[in-house]
Amino acid sequence: MASVKVFGSPTSAEVARVLMCLFEKEVEFQLIRVDAYRGPQRMPQYLKLQPHGEALTFEDDNLTLSESRGILRHISHKYAKQGNPDLIGTGALERASIEQWLQTEAQSFDAPSAEMVFSLALLPPSLPKQPNNDNGNGNGYNGGKDVAVLDASSGRRAVGQEAANQARKEEEMLRLYEQRKKDLEKLLDIYEQRLEEARYLAGDNFTIADLSHLPNADRLASDPRSRRLFESRRNVSRWWHEISSRDTWQYVKSLQRPPSADAIANAGARTGQGGAQQPRTRSGEEHDRRNY
């Protein structure tokens, strides 16, 4: 049995980073899928490891970790002699550059990109125009007042208030999106300059500094409302195409797709319950179906 276990959902950015690294390093591991939304109904084995229900838990023999970038460092160092040899670099200068850009991702890219992903999930498919301040409150929705003031005796006021609340929520999400977009644009301008002189962020090789960007960047680059952040910058666009086209990332994305109804039914028939299955994986090639 594989000594490495990953508890979590591949749809989580934290988990996706770790899976990508394991595939790059060709490390055999067992993925135990844990639904982050099941709360106290999550498997007891997982709650013993993470009483607060963090999105990710990583086990390697007797070592347990839960911070994704620390896990990337651990995998890259421990399994340095297998798989992709460049993830953590070799010389001191190269490793310092990798660490610098990994910290840049953690401190400057992660938060704005994650908040943009969150806000896009709550905004309509076509983004409304920028708030326009016509009513003096800094938005173009008029606070939902026109909708809220309706004939209460007809029972329409409650409906109007609900619409007003939805409008305010949408306005808040749009403000969040626009602010974080500005933050990310400034950072990507720096990336554009860096990638003018280097193929990847830390130099000529794909490293964990590039890898760590993939989960959130993929959500933004896949959404027509935000993909121009990458497409409008020539060097960033080239870099993004290269790192997102890697076979290892495509395999992580395949794990993020929900299982088909037939697969769930077959899994339930084999286990005697409605549970899903998880792969025991080596280099994305072996699939040993096991119960949760």
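Biologist: How much area does the chain expose, and what share of it do carbon and sulfur atoms supply?
Modeller: About 15100 Å² is exposed by the chain, with carbon and sulfur atoms supplying 48%; the areas come from the Shrake-Rupley method with a 1.4 Å probe, and for residues only the protein chains shown count as cover. This is a predicted model, in which local features need pLDDT of at least 70, side-chain atom pairs count only at pLDDT 80 or more, and totals for chains, interfaces and linings use all residues. Residues are numbered from 1 along each chain as its sequence is written, and side-chain values use heavy atoms, leaving out hydrogens and water.

Biologist: Is Arg17 buried or exposed?
Modeller: Arg17 is buried, at 1% relative accessible area (buried is under 20%, exposed over 50%, partly exposed in between; 1.4 Å probe, protein chains only).

Biologist: Which side chains does the Arg17 side chain join by polar contacts?
Modeller: The Arg17 side chain has a polar contact of 3.2 Å with that of Ser68 and one of 3.2 Å with that of Asp110. Such a contact is a pair of N or O atoms within 3.5 Å; within protein, one must be able to donate a hydrogen and the other to accept it, and residues adjacent in sequence count only if both atoms are side-chain atoms.

Biologist: Switching topic, at what angle do helix 3 and helix 4 pack?
Modeller: Helix 3 (residues 68-78) and helix 4 (residues 92-122) pack at about 160°, their axes 12 Å apart. Helix 3 is therefore roughly antiparallel to helix 4 (angles over 145 degrees count as such). Axes are lines fitted to C-alpha atoms, for helices over the stretch in contact (heavy atoms within 4.5 Å), and angles run from 0 to 180 degrees between N-to-C directions. Helices are DSSP runs (H or I) of at least four residues, numbered from the N terminus.

Notes
Helix = DSSP H or I, 4+ residues; strand = E, 2+ residues; numbered from the N terminus. Parallel < 35°, antiparallel > 145°, perpendicular 65-115°, else oblique.
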